[in-house]
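Here's a quick walk through the model on your screen. Have the viewer open and follow along.

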Amino acid sequence: MEMKVDNVELTNIAVRQSQYPEDNKKEFLLVGRSNVGKSSFINSIIARKNYARTSSKPGKTQTLNFYLINNMFYLVDVPGYGYAAVNKTTQKKLGLMIEEYIKNRENLTKVFLLIDYRHKPMEDDVIMYDFLKYYNLDITIIATKYDKVPNNQKQKQDKLIKDAFKLSEEDSFIHFSSLTKKGREEVYNLINDSLNTEN
Ligand code: GTP
Ligand code: MG
């Protein structure tokens with residue numbers, strides 16, 4: 001189903017729970033390594049050019065950013081993990097901030113775990129996946145930068161992903177490109193399904 005985004009508003013920039021939205025709408029979280037394309041993913045979902053700030057320099061996003069879409073639900077952009085040039089103390093602080101959100105947030109409806117389709121999933125991607133599973137969250141893996149992988153390598157990359165996360169047939173993942181809009185419809189469908197499900 002096509003989703004028409006009429007309204008986008010960055011309503012909350014949070015580092016702690018008291019700064020989260022208070023209107024009790026469903027929230028969809030984007031997680032993944034730094035530079036994987038979380039902010040670009042949000043921009044393509046909302047069909048805006050650079051509303052969520054993107055950068056070729058990793059480590060751009062440093063807060064929990066709540067984007068209210070059509071006054072109906074939130075997309076939550078968070079700092080990426082695994083960026084070595086962000087110092088250890090800051091990395092630790094950002095990690096705890098995301099962990100606190102994931103562990104406690106009742107409005108959290110679904111998580112999109114973004115990984116770079118060009119590479120073998122990294123250890124910290126698998127750790128994040130297992131962490132999310134442990135908290136019983138509904139997870140969809142999004143393989144970004146699909147446009148950058150040549151056709152003759154796609155089968156190999158698919159297998160690397162399935163093996164790394166031990167995915168079964170029903171655990172689907174989505175090929176995504178913020179450049180070509182590939183995967184956008186599938187994401188809209190998943191969001192719509194979640195919005196139409198009780199709690
Ligand atoms: P942090 O905020 O540092 O965690 O990064 P991020 O995950 O938000 O990544 P961001 O969206 O800023 O994208 C990082 C870089 O990858 C930018 O230069 C984007 O233009 C590029 N990029 C993101 N998605 C795609 C994609 O699907 N295809 C291509 N070719 N480039 C992409
Ligand atoms: Mg970002």
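Let's start with Ser177, which sits in the loop between β7 (173-175) and α5 (184-195). Keep in mind that this is a predicted model. Is Ser177 buried or exposed? With a relative accessibility of 0%, Ser177 falls under the 20% cut-off, so it counts as buried. Its side chain makes a polar contact inside the protein: the backbone nitrogen of Thr180 is 3.1 Å away from the side chain of Ser177.

Now over to the ligand. How many residues surround ligand 1? There are 21 of them, and the closest are Lys38, Ser40, Gly59, Asp147 and Ser178. Sorted by character, that shell has 13 polar residues, six charged ones and two nonpolar ones. As for where ligand 1 sits, the space it takes up is the largest pocket.

Here are some polar contacts to oxygen atoms of ligand 1:

| Residue | Part of the residue | Distance to an oxygen atom of ligand 1 |
|---|---|---|
| Lys38 | N or O atom in the side chain | 2.7 Å |
| Gly80 | backbone N or O atom | 3.2 Å |
| Val36 | polar backbone atom | 3.4 Å |

How much of ligand 1 does the protein bury? On its own, ligand 1 exposes 660 Å², and the protein buries 88% of that.

Lys38 is worth a second look, as helix α1 covers residues 38-46. This helix is mostly covered, with eight of its nine residues buried. Lys38 is among the buried ones, and so are Ser39, Phe41, Ile42, Asn43, Ser44, Ile45 and Ile46. So in Lys38 you have a buried residue of α1 whose side chain has an N or O atom 2.7 Å from an oxygen atom of ligand 1.

The backbone has a few spots to check on either side of α1 and further along. Right after α1 comes Ala47, with a positive phi near 55 degrees. Ahead of the helix, Asn35 is in the loop between β2 (26-32) and α1. Asn35 isn't a glycine, yet its phi is positive too, near 80 degrees. Is Asn35 buried, partly exposed or exposed? Its relative accessible area is 35%, which lies between the 20% and 50% cut-offs, so Asn35 is partly exposed.

Asn70 is another non-glycine residue with a positive phi, about 50 degrees in this case. You'll find Asn70 in the loop between β3 (64-69) and β4 (73-77).

Key
Residues numbered from 1 in each chain as written. Chains lettered and ligands numbered in written order. Predicted model: local features only at pLDDT ≥ 70, side-chain atom pairs only at ≥ 80, totals over all residues. Heavy atoms only, no water. Near = heavy atom within 4 Å. Polar contact = N/O pair within 3.5 Å; in protein donor to acceptor, adjacent residues only side chain to side chain. Areas by Shrake-Rupley, 256 points an atom, 1.4 Å probe, with all protein chains shown as cover. 1 Å grid on protein atoms, 1.4 Å probe; cavity = no way out; pocket = protein on both sides within 12 Å on 5 of 7 lines; lining within 4 Å. Sits in = over half its atoms within 2 Å of the grid points. Nonpolar A, V, L, I, M, F, W, Y, C, P; charged D, E, K, R; others polar. Buried < 20%, exposed > 50% of the residue type's maximum accessible area, 1.4 Å probe, protein only. Helix = DSSP H or I, 4+ residues; strand = E, 2+ residues; numbered from the N terminus.
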